[in-house]
Amino acid sequence: MTHRLVLTFALLFCLTGTAAAQTATPPAPALKTNVTITADVVRIGDLVANAGPVADIAIFRAPDLGTTGAVATDRIVDAIRPHQLIGIDTKGITEVTVTRASRAISTQEISSGVAAALTGRYGFGEAKNLQVNFDHDVRILQVEPNVTGPLQVASFAFDQRSARFDITFTLSGSAEMRRLSARYTGTVTETIDAVGIDHPIERGQVIKASDLTVLHRPKTETAALTDSSAVAGMAARHSLRPGQALAAADLMKPEVVQRGDSVTIIYQVPGVTLTLRGQAQDAGAIGDTINVLNAESKRVVQATVSGPNRVTVGAIAPRTVASGGQTASAQ
């Protein structure tokens, strides 16, 4: 009898526990701190977790695309109250931040759209070589985040004489783009990749490959150098500054002899080579002809720079001695 009573109580406990589990209280609605939405309205479920049947009810207008706004907690509670959602846990939050998601169309994307419309037309080459200059500042366009296609040209006009363009873009599937003003005017210039430097270079300094950078310059600047290999290893003819495209007139061969340097003078004729000491009267690069003071005769001769602190004279002038004979000597 006692055993049967125990089993009865156990069965009742199990049944009671199951019923309690089936009627457990659902999680309480709780306010969110930060939310991101994609629609043009803010719904209760966007702001409150566990909102239940009223989650899809719209209570506020959404911020503009790509912008963020804050809604005070008191306003949210007041807006929800008529919909019988009670017991909201506000967690001490004073306001909720609401961000409306968007796709941002940058100035660069708009500029690329203009260049693409001109590529291969009106004598222009590749889009990457076209520099677009807008008449006014171009602001970022914010459109629906689910619209992922490229900008499309709705209308386009171009004047070859002035290089001016007038273009209007559209975007398939975007209602926002139809509302926005996407018309742009300006000019376009075809550029070349010119060689420049990325830091100041003083006169006479040898330019290394690591000193060089690429600059975009108008194609009409025909003097600009475009081959970096023609620049590296050359010396600056005058002070150079970043931002300027280098021309041949800006460069010279490195000077291996400086004015006032002690040099070795090499006199050469077939079968005979003489070396003497001298002093350079000019600076010069290899192959340059400079004036050199012969340290022995104190006469100035013209010599060709043949290496660092070395010059060469190609002929020897004979000198008549008192005995009437002739001796080959340096002047």
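F158 counts as buried, at 15% relative accessibility, where buried means under 20% relative accessible area, exposed over 50%, and partly exposed in between (1.4 Å probe, protein chains only). The structure is a predicted model, in which local features need pLDDT of at least 70 and side-chain atom pairs count only at pLDDT 80 or more, while totals for chains, interfaces and linings use all residues. Residues are numbered from 1 along each chain as its sequence is written, and side-chain values use heavy atoms, with hydrogens and water left out.

The structure holds 5 aromatic pairs. Rings of Phe, Tyr and Trp (its six-membered ring) pair if their centres lie within 6.5 Å; planes under 30 degrees apart count as stacked, over 60 as edge-to-face and the rest as tilted. One of the pairs joins Y122 and F158, with ring centres 4.8 Å apart and planes at 45°, so this pair is tilted. The two residues belong to distant parts of the chain, 36 residues apart: Y122 sits in the loop between helix 4 (107–118) and strand 9, and F158 in strand 11 (residues 152–159). Helices (H or I, at least four residues) and strands (E, at least two) are DSSP runs, numbered from the N terminus. In contrast to the buried F158, Y122 is partly exposed, at 31% relative accessibility.

F134 and F165 form an edge-to-face aromatic pair, with 6.0 Å from centre to centre and 85° between the planes. This pair also links distant parts of the chain, F134 lying in strand 9 and F165 in strand 12, 31 residues apart. F165 is buried, at 2% relative accessibility. F134 and F165 belong to one aromatic cluster that also contains F169 and Y184.

The strands that carry these residues can be placed through their pairing with strand 13. Two strands pair if DSSP finds at least two bridges between them. Strand 9 (residues 130–134) is antiparallel to strand 13 (residues 183–197), and the two are joined over 5 bridges. Within this pairing, N133 has T187 of strand 13 as its bridge partner. Strand 12 (residues 164–170) likewise pairs with strand 13 in the antiparallel sense, over 5 bridges, and here T168 has R183 as its bridge partner. Strand 13 further pairs with strand 14 (residues 212–218), antiparallel and over 7 bridges. In strand 14, L212 is the residue opposite I197.

R183 of strand 13 also takes part in a salt bridge with D166, the closest N and O atoms being 2.6 Å apart. The pair links strand 12, which holds D166, to strand 13, which holds R183, across 17 residues of sequence. D166 is partly exposed, with a relative accessible area of 23%, whereas R183 is exposed, at 53%. In total, the structure holds 10 salt bridges, each defined as a side-chain nitrogen of Lys or Arg within 4 Å of a carboxyl oxygen of Asp or Glu.

Two further salt bridges can be described. D159 and R161 meet through their side chains at 3.8 Å, N to O. D159 counts as partly exposed, at 30% relative accessibility, and R161 as exposed, at 81%. The side chains of D64 and R61 form a salt bridge at 3.9 Å, N to O. Here D64 is partly exposed, with a relative accessible area of 49%, and R61 is exposed, with 67%.

A separate set of 5 strands closes into a barrel in the order 18-19-21-22-23, with mixed pairing. Neighbouring strands of this sheet are turned by 55° against each other on average, direction ignored; axes are lines fitted to C-alpha atoms, for helices over the stretch in contact, and angles run from 0 to 180 degrees between N-to-C directions. In the barrel order, strand 18 is followed by strand 19. Strand 18 (residues 262–269) and strand 19 (residues 272–280) are antiparallel and share 8 bridges, with V269 and V272 as bridge partners.

T36 lies in strand 2 (residues 34–37) and is exposed, with a relative accessible area of 60%. Leaving aside residues up to four places away in sequence, T36 touches T99 and A101, contact meaning heavy atoms within 4.5 Å. T36 and L47 are separated by 11 residues in sequence and by 9.7 Å in space, C-alpha to C-alpha.
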